[in-house]
Structure formats: C-alpha cells, structure tokens
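Student: Please take me through the interior of this protein slowly, with attention to the parts that are packed away from solvent. I would like one connected account that I can follow with the structure open beside me.

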Amino acid sequence: MKVVLLAGGLGTRIAEESEYKPKPMIEVGGMPIIWHIMKEYSYYGHNEFIICAGYKHYMIKKWFADYQFYTSDMTFDFRTGGHFESINKKSEPWKVTVVDTGYKTNTGGRIKKIKEYVGGESFMMTYGDGVCDVNMEDLLRFHQRHGKIATLTAVVQKQMKGQLDVAFDHSVRSFREKSIKDNTLINAGYMVFRPEIFDYLEDDAVLETTVLSRLADEGQLMSYQHNGFWQCMDTVPEKNYIERLIATGSAPWMKW
C-alpha cells in the first residue's frame, strides 16, 4: 500500500532548524526524521512513498537523489580524474515520489494534489515530524475491518493537539483543534484513507479542522488506539529527547 507523507509546512515552532531546511529533513541520530518514519513503514513491507513537499522542496529531492552519498562508503580516485564509486553500498527497497504541493498549501490541499499518484486505491498517510512504534499490520487490519472512509491513530498525550471524542465502538464522534486544557486522546497521525477521501478535499482544505471534522460528523472516521510509543518533534527539546533515545539504543520505533 502506498504511503503519503506530509512534508511541506514551514515548521515555525522549531524555527531554529527549519529556517534552513524543511522540518522533516531535520536530523535525529544522523538521519532526517522522515527517513525514520519511512523505515517504520518499510519494516512492515510498505515501500512506495509519496512525499507532499512545499517549503524548500528541492532539499528533499536532492537528499534522495544523493542517497548513496549519505548511506554508503565512497572511494574517490583522483588519479583517474576524480572517479568515484560506492563501496558497501546501502540501499532501500523504496520508490519515492516527491511532489511540490505548494509553499503555503493547507494539509488537505496537499493531499488533493497527489491524487494522480495515489490512483484509485486506499493509502496510508502520516506527518513528517513524528515517530512511533505503531503496528502497521494491526492498524491496516482495523481499517479494513470497519469499512469506513478514514482511520486515524489515537494516543493519550499531555500535549496541545487536536482532541477526539471516541465512542465505545471506536467511531470518532467529534474532532476539534487543540486546547491548552486538553489531556485526553489526540490525533497522532498514522492514518489510512479509502479513495473516497478525495471527495472531501478542496484546494484550501485543512485536513484536521475541515476534512476530519466532516468525516466525524458523518460517522466515517474511526480511531485506532495506540498504547505504545509516539513522539512528535515540534520543538528543540522534543528533538533532543528523540536524539537521546537513539543515542542510548532505546528508540522504540527502530525495529529494523
């Protein structure tokens, strides 16, 4: 199944680094956080990615174009005019499509712009700034079983994220944006959509406040509750926390 990654925003809350590169390209453990997210999906056999880029999109394209330089050892032979070759070449079983979806396009509009690359099939989607140890197989089975248009992954966090009201049968009864008073189930991303989602998308649509709210009102939004690890990277302290987990060998999402 194809995986769509939202990677086009400005990342203003971590401007110390996003001023110079797209937020998903900020490195943790020596690799961009988007690479970690892609490795999560690849672990479960999902290897075709569509990246919704925007802000400094060329940096994302260049990074993948130069992938072997970041992951392989290289020999440069200046005796033969600077000829070089990769040794111990490391690669991934990935197909990656990077699409410039606009500098200030809203999240729903970004997804609408990659419809032709998704095709008429269901797809997975998440944000390019958070890591987790969600079991993708269980998430996908849950989505296929309930038959609704959309599934999101819900986690309990003491953070300012969009709040969910989830019924006993896991249907999402309402969706609203963040409040400083919230301490309940929140939307952690890691979503699955049926192709009908494109009927809900407009050029100026905000996925979180417009599309998901409408799906909830129509009973077409379900939540997969994840009780394991999830961490976004909105701030430098959160980035440093992720870095520490990697450095100490205790990063729950690194199953590969």
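**A close look at the interior**

Tutor: In this predicted model, residues 24 or more positions apart account for 73% of the contacts in the protein chain with a separation of 6 or more. Buried residues make up 52% of the 256 residues in the chain, and the secondary structure comes to nine helices and 16 strands. The radius of gyration is 19 Å, close to the 18 Å that the globule rule gives for 256 residues, so the chain is as compact as a globular protein of that length.

Turning to the nonpolar residues of the interior, the largest nonpolar core has 47 residues, and those with the most contacts inside this core are Leu-5 and Tyr-41. Helix α2 (residues 33-43) supplies the largest share of the core, six residues. A second core, separate from that one, holds 33 residues and includes Phe-123, Ala-150, Phe-175 and Phe-198.

Helix α2 deserves a longer look. Ten of its eleven residues are buried, so the helix is largely enclosed by the rest of the structure. The buried set consists of Ile-33, Ile-34, Trp-35, His-36, Ile-37, Met-38, Lys-39, Glu-40, Tyr-41 and Ser-42, and you will notice that Lys-39 and Glu-40 are on that list beside the nonpolar side chains. After the helix comes Gly-45, whose phi is positive, near 90°.

Leu-5 shows how α2 is joined to other parts of the chain. When its neighbours within four places in sequence are left aside, Leu-5 is in contact with Ile-34, Ile-37, Met-38 and Tyr-41, and its list of contacts also takes in Phe-49, Ile-50, Ile-51, Cys-52 and Thr-126.

Gly-108, which lies in helix α5 (residues 107-112), is another residue of the interior, and at 0% relative accessibility it counts as buried. Although Gly-108 and Leu-207 are 99 residues apart in sequence, their C-alpha atoms are 4.3 Å apart in space. Besides Leu-207, the contacts of Gly-108 outside its neighbours within four places in sequence are Leu-201, Glu-202, Ala-205 and Val-206.

Charged side chains can be followed in the same way. Asp-234 sits in the loop between β16 (230-232) and α9 (236-247), and it counts as buried because its relative accessibility is 6%, under the 20% limit. The side chain of Asp-234 makes a polar contact, at 2.8 Å, with the side chain of Lys-23.

Two other loops are worth setting side by side, since each holds a residue other than glycine with a positive phi. In the loop between β13 (185-187) and β14 (191-193), Tyr-190 has a phi of about 45°, and with a relative accessible area of 1% this tyrosine is buried. In the loop between β11 (163-166) and β12 (172-176), His-170 has a phi near 80°, but at 32% relative accessibility this histidine counts as partly exposed.

A glycine with a positive phi also appears in a hairpin. Strand β5 (residues 73-77) pairs with strand β6 (residues 83-87) in the antiparallel sense over five bridges, and Met-74 has Ser-86 of β6 as its bridge partner. Five residues lie between the two strands, and in this hairpin Gly-81 takes a positive phi near 80°.

Methods:
Residues are numbered from 1 along each chain as its sequence is written. This is a predicted model: local features need pLDDT of at least 70, side-chain atom pairs count only at pLDDT 80 or more; totals for chains, interfaces and linings use all residues. Side-chain values use heavy atoms; hydrogens and water are left out. A nonpolar core is a set of buried Ala, Val, Leu, Ile, Met, Phe, Trp, Tyr and Cys residues joined through side-chain atoms within 4.5 Å. Buried means under 20% relative accessible area, exposed over 50%, partly exposed in between (1.4 Å probe, protein chains only). Helices (H or I, at least four residues) and strands (E, at least two) are DSSP runs, numbered from the N terminus. Contact means heavy atoms within 4.5 Å. Two strands pair if DSSP finds at least two bridges between them. The radius of gyration is taken over C-alpha atoms; the globule rule is 2.2 Å times the number of residues to the power 0.38. A polar contact is a pair of N or O atoms within 3.5 Å; within protein, one must be able to donate a hydrogen and the other to accept it, and residues adjacent in sequence count only if both atoms are side-chain atoms.
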